[in-house]
Amino acid sequence: MLKEDNEIIKQDNLMKAIGKSEVLIEQHEEALEEAEEKTEDIEGWLTVFLKAIKNVILN
């Protein structure tokens, strides 16, 4: 009986760990998406800024 109880506890712990890892994966994916959006925003602003500098230098 004790062996069966230990096996059930191990399985429960494994399921909890799998659940936590799935949550962490989702959070990581969301963070990556946010970082990508912020990077795109920064790239856009840098492009505008550098074009403005270029125009000032060439004119």
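Okay, let's start at one residue, I42, which sits in helix α1. One thing to keep in mind from the start: what you see here is a predicted model.

So, is I42 buried or exposed? I42 counts as exposed, because its relative accessibility is 52% and the cut-off for exposed is over 50%. And I42 has company. Together with L46, F49, L50, I53, I57 and L58, I42 makes up a nonpolar patch on the surface. The accessible area of that patch adds up to about 740 Å². Take L50 from that group: L50 is in helix α1 too, and that helix covers residues 2-58. L50 comes out as exposed, since its relative accessibility is 52%.

Now let's zoom out. How many helices and strands does the protein have? The count is 1 helix and 0 strands. Have a look at the overall shape. Along the principal axes, the C-alpha atoms fill a box of roughly 85 × 10 × 5 Å. You can also check this with the radius of gyration. For a compact globule of 59 residues you'd expect a value near 10 Å, but this protein has 25 Å.

What share of the residues counts as buried? The answer is 0% of the 59 residues. The accessible surface comes to about 5900 Å², and carbon and sulfur atoms account for 61% of that surface.

Let's walk along the helix and look at some distances. I42 and I8 are 34 residues apart in sequence, and their C-alpha atoms are 51 Å apart in space. Do the same with N13 and I42: that's 29 residues in sequence and 43 Å in space, again C-alpha to C-alpha. N13 is also part of helix α1. With a relative accessible area of 43%, N13 is partly exposed; that label applies because the value falls between the 20% and 50% cut-offs.

Here's a shorter stretch. A31 and E43 are 12 residues apart in sequence, and their C-alpha atoms are 18 Å apart. A31 has its place in helix α1 as well. A31 is partly exposed, because its relative accessibility is 41%.

That E43 brings us to charge. Which residues form the negative patch on the surface? The members are E22, E26, E29, E30, E33, E34, E36, E37, E40, D41 and E43. Pick E29 as one of them: E29 lies in helix α1, and E29 is partly exposed, given its relative accessible area of 44%.

Over the protein there are 7 positive and 15 negative charges. How far apart are their mean positions? The two mean positions are 5 Å apart.

So, to pull it together: we've got 1 helix and 0 strands, and 0% of the residues count as buried. On the surface there's a nonpolar patch that includes I42 and L50, plus a negative patch that includes E29 and E43. That's my tour, thanks for listening!

Terms used: Residues numbered from 1 in each chain as written. Predicted model: local features only at pLDDT ≥ 70, side-chain atom pairs only at ≥ 80, totals over all residues. Heavy atoms only, no water. Patch = residues over 30% accessible without salt bridge, like charges linked within 9 Å, V, L, I, M, F, W, Y side chains within 5 Å. Areas by Shrake-Rupley, 256 points an atom, 1.4 Å probe, with all protein chains shown as cover. Salt bridge = Lys/Arg side-chain N within 4 Å of Asp/Glu carboxyl O. Helix = DSSP H or I, 4+ residues; strand = E, 2+ residues; numbered from the N terminus. Buried < 20%, exposed > 50% of the residue type's maximum accessible area, 1.4 Å probe, protein only. Rg over C-alpha atoms; globule rule 2.2 N^0.38 Å. Lys, Arg positive; Asp, Glu negative; His and termini not counted. Charge placed at Lys NZ, Arg CZ, Asp CG, Glu CD.
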